[in-house]
Amino acid sequence: MSVTMSTTELVQLAIDEVWNKRRLELADELFSKGYVNHGGLVPDLVAGPEAVRVSVALYQRAFPTFYITVAEFVVERTGIVIRWIAHTRRPSSLAAAHRAHGLRGITRCRIKDGKIAESWTAWDSRAALLRVVDAPRPAGG
């Protein structure tokens, strides 16, 4: 990107535009060529902006209306920590997003030369699995 952005603006743009609006072409501008996502969906299969495009495409295929909201940003010396909530559809408001039963997670991003160079992601897999186990079953299943 030609305009210098803050770390928060960079990461918020990646979430809003790439993840939520599926503007995959922006991955090249926001993520470094050597970007690696540790603990994500495709951590070792693909690197760079292509890893982001593959991840978004996989999530979109599984959950066509998924949407991510940011609960908190914490800026650090070389990056940022994001607490986020992934929803199966866009919440009506930020307050509704925080009340919703979405998948909650944390991602730490390392920023280098104005791009996201590396990230570490963890989510509340126990809560997600409990929701699946407790989900209503179809009749006869």
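**Close-ups of a predicted fold**

**View A. The buried residues of helix H1 in this predicted model.** Look along H1 and you'll find Leu10, Val11, Ala14, Ile15, Glu17, Val18, Trp19 and Asn20 buried. The helix covers residues 7-20. A quick sanity check on its length: at 1.5 Å a residue, the 14 residues of H1 should span 20 Å, and the C-alpha atoms at its ends sit 18 Å apart, so the two agree. Just past the end of H1 comes Arg22, with a positive phi of about 60°.

**View B. The open sheet and its strand order.** Here five strands line up as E1-E5-E4-E3-E2, with mixed pairing. At the edges are E1 (31-38) and E2 (67-75), each of which pairs on one side only. Going from strand to neighbouring strand, the turn averages 25°, direction ignored.

**View C. Helix H1 against the sheet.** H1 packs on the sheet and touches E1, E2, E3 (79-87), E4 and E5. Its direction makes about 170° with that of E2.

**View D. Strands E4 and E5, side by side.** Strand E4 takes in residues 103-112 and strand E5 residues 115-123; they run antiparallel, joined by eight bridges. One to zoom in on is the bridge that partners Lys112 with Lys115 of E5. As a reminder, strands of a sheet pair through backbone hydrogen bonds, parallel or antiparallel.

**View E. Helix H3 across two strands.** H3, made of residues 49-62, lies across E1 and E5. Relative to E1, H3 runs at about 55°.

Technical notes:
Residues numbered from 1 in each chain as written. Predicted model: local features only at pLDDT ≥ 70, side-chain atom pairs only at ≥ 80, totals over all residues. Heavy atoms only, no water. Pairing = 2+ DSSP bridges. Helix = DSSP H or I, 4+ residues; strand = E, 2+ residues; numbered from the N terminus. Axes fitted to C-alpha atoms, helices over the stretch in contact; angles between N-to-C directions. Contact = heavy atoms within 4.5 Å. Expected span 1.5 Å × (residues − 1). Buried < 20%, exposed > 50% of the residue type's maximum accessible area, 1.4 Å probe, protein only.
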